[in-house]
Amino acid sequence: MARLSSLLLASALVTGAAFTPQSSVSSVARPSTKLNENFGFDFAEDQAENTPGILLGEANYKQWVGENIDNSFLNRQYNVLKRVRELDILGLTAELGILSKLEKNGLDLATLESFLPAIEDLGVLSIVGGNQQLLINGLAPVAVEGAPFILPLIAGALEIGPPAFFLAAAGIAGVEYGLLANHVQIPFVGLPAGVYLGLLLVPLTGVLGGAGIALSSLKK
């Protein structure tokens with residue numbers, strides 16, 4: 001019995017050793033993840049040899065430009081107040097009677113003040129404060145430069161009331177549906193117009209529809 005147990009134990013040890021992975025002294029070589037300005041090509045120029053180290057990397061380059069060049073594209077800011085004054089947007093707003101038309105639709109100063117707590121709770125001010133560069137150089141030029149054309153349309157819509165905003169939203173949604181249904185493509189590039197123009201048309205539809213709903217709820 002003892003010999004049988006010894007035989008079984010020896011067989012188990014031999015079998016386990018057969019399935020045990022052998023450790024290898026040489027490890028598998030892993031590809032290098034080092035990033036180079038010359039993309040790792042031997043025939044390309046080595047940026048470290050012909051470029052000052054302070055300019056290597058996007059962050060260093062932006063910092064250097066901000067410290068040494070006053071009016072560069074990277075740190076240039078759109079002058080909102082200057083363009084508002086040059087385009088006489090405030091005068092055009094008063095001439096079109098937009099403020100009085102807003103009050104006619106129920107949006108007066110007291111109503112705006114009632115929105116302030118909700119705006120603060122939603123963290124809108126902190127979002128605006130953290131994205132000043134994007135808003136000033138991205139959104140502000142579109143809004144300010146387009147104001148002479150947009151304000152008359154807004155004044156006309158406010159004169160009619162919420163139905164004008166609903167009608168405009170429905171019209172834009174219809175245009176987007178037509179582009180998608182007919183597989184319209186942008187000329188010369190062949191891209192689907194419904195997809196790329198939809199990036200503008202769909203949000204605009206939501207804004208106009210939301211404005212109509214908001215004015216309907218404020219209507220006294």
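So, K101: this lysine sits in helix α6, residues 98-104, where helices are DSSP runs of H or I of at least four residues, numbered from the N terminus. Keep in mind that this is a predicted model, where local features need pLDDT of at least 70 and side-chain atom pairs count only at pLDDT 80 or more, while totals for chains, interfaces and linings use all residues. Residues are numbered from 1 along each chain as its sequence is written, and side-chain values use heavy atoms, with hydrogens and water left out.

Is K101 buried or exposed? Buried, because its relative accessible area is 16%, and buried means under 20%, exposed over 50%, partly exposed in between, with a 1.4 Å probe and protein chains only. Leaving out residues up to four places away in sequence, K101 touches L96, A155, L158 and E159; contact here is heavy atoms within 4.5 Å. With that same exclusion, I98 touches T93, L151, A155 and L158.

Okay, on to the core. The largest nonpolar core (buried Ala, Val, Leu, Ile, Met, Phe, Trp, Tyr and Cys joined through side-chain atoms within 4.5 Å) has 20 residues, and I89, I98 and L158 are among those with the most contacts inside it. Helices α5, α9, α10 and α12 each supply at least two of its residues, and α9 gives the largest share, 7 residues.

Last stop, α5. Its buried residues are I89, L92 and T93. They line one face of the helix, because they fall within an arc of 105° seen down the axis, taking directions from the axis to the C-beta atoms. On the other side, L90, A94 and E95 are exposed. The cover over the buried residues includes α4, α6 and α9.
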